[in-house]
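Here are my comments on the model you asked me to look over. I have kept to the ligand and its surroundings.

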Amino acid sequence: MKTYNELPSDAGSNIIGQVTAQANRLQQRLTSVKHTVAVMSGKGGVGKSALTANLAAALTLNGNAVGVVDADINGPTLAKMMGVRDATLEYTSIGVKPAITALGTKLISMDLLLAEDEAPVLWNAHSQKDAFTWRATMEVGALREFIADTEWGELDYLLLDLPPGTDRLPNVAELIPNLGGVVVVTIPSEVSQLIVKKSVTMARHILKVPIIGVVENMAFYVCQHCGEEEPLFSADETLDKTLQQLMLGSIPFDPQLSRANDTGTPYVDKYPDAPASRVLVQVGKKIQDFFISTV
Ligand SMILES: Nc1ncnc2c1ncn2[C@@H]1O[C@H](COP(=O)(O)OP(=O)(O)O)[C@@H](O)[C@H]1O
Ligand SMILES: [Mg+2]
């Protein structure tokens, strides 16, 4: 399979020119963003989006200008979790204005571009054989457009909620060569940690992207009757040593967090004293500290 760079002819559509122009626009757009942070896990369902929404809220509440890219193009959930699913995007001559949450966090998501609730994202390939490569290329293209064509304004932080899969980070690192750092989300199960360790290796040794740290989600739950902390996964599934050293915080399971996500309410703002909120706020501060110490 040839890449578009190797195509002898592109039927006059000047794909290389278009992609280059857009890549330049992306770099130009990022000059107004101080720090870019990718939130990844390698595995789905561990709470990446829930944490991204709340870390963005915590950073915003701390006085930062924050933008979020829902980079999960095929399974976008952030518009709902951040309570802006009804937002209508405004297009201007310099780009599309992102949706803005009640707290003032900016968001761009495929979900805001799809007309119907039930509408899936369809990637039309020329043949079934090409579908996989085509889809990957289209996804990277969509992501490039999201960042390049959004009128972000001045931002302290731009968070990217990546879809599951260790192969996603290389794409992002290529799009954003000066990616500020990666936050890796895991749950205390061996299966999750196995994949998360691969993500850490990928970021650290292959891509040489700085790792801000690891967040352990759904680590335990607090009994609503007796206040005792109970593990959510089997007790011997403690966090792997390598991951432990990178630990930013352990977030308990809280049914209120899941409800807040479903109703688009910023949990850290609504329940500031909840144990999970306190950890999320601390993790937000550690992200800030990471960038202060690397200046
Ligand atoms: N700490 C938590 N407590 C309660 N529910 C959570 C917690 N973290 C995530 N969830 C819920 O778990 C589900 C999966 O989380 P999500 O963020 O969509 O995962 P991912 O983005 O990694 O696929 C969502 O319904 C979310 O609200
Ligand atoms: Mg998600």
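The numbered points below deal with the pocket, the ligand and the contacts between ligand and protein.

1. The model is predicted, and the remarks that follow should be read as a description of computed coordinates.

2. Ligand 1 sits in the second largest pocket, and the space within this pocket comes to about 380 Å³. The elements that give two or more residues to the shell around ligand 1 are α2, β9, β11 and α8.

3. The lining of the second largest pocket is made up of 22 residues, and those that lie nearest the pocket centre are G47, A50, M81, M218 and N261. At least two lining residues come from each of α2 (48-61), α3 (78-81), β9 (211-222), β11 (247-253) and α8 (255-263). In terms of residue class, this lining holds nine nonpolar, eight polar and five charged residues.

4. Around ligand 1 itself there are 16 residues, of which G45, K48, S49, A50 and N217 come nearest. The shell that these residues belong to is described by class as seven nonpolar, seven polar and two charged.

5. Which atoms of K48, S49 and N261 lie 2.9 Å from an oxygen atom of ligand 1? For K48 the partner is a polar backbone atom, at 2.9 Å from an oxygen atom of the ligand, whereas S49 places a polar side-chain atom 2.9 Å from a ligand oxygen. In the case of N261, an N or O atom of the side chain is 2.9 Å from an oxygen atom of ligand 1. On its own, ligand 1 has 560 Å² of accessible area, and the protein covers 82% of it.

6. Two residues deserve a second look when the figure is prepared: A50 is listed among those nearest the pocket centre and also among those that come nearest to ligand 1, while N261 is likewise listed nearest the pocket centre and has the side-chain contact with a ligand oxygen given above.

Key: Residues numbered from 1 in each chain as written. Chains lettered and ligands numbered in written order. Predicted model: local features only at pLDDT ≥ 70, side-chain atom pairs only at ≥ 80, totals over all residues. Heavy atoms only, no water. 1 Å grid on protein atoms, 1.4 Å probe; cavity = no way out; pocket = protein on both sides within 12 Å on 5 of 7 lines; lining within 4 Å. Points joined across faces, edges and corners; volume = space filled by probe spheres on them. Helix = DSSP H or I, 4+ residues; strand = E, 2+ residues; numbered from the N terminus. Nonpolar A, V, L, I, M, F, W, Y, C, P; charged D, E, K, R; others polar. Near = heavy atom within 4 Å. Polar contact = N/O pair within 3.5 Å; in protein donor to acceptor, adjacent residues only side chain to side chain. Areas by Shrake-Rupley, 256 points an atom, 1.4 Å probe, with all protein chains shown as cover. Sits in = over half its atoms within 2 Å of the grid points.
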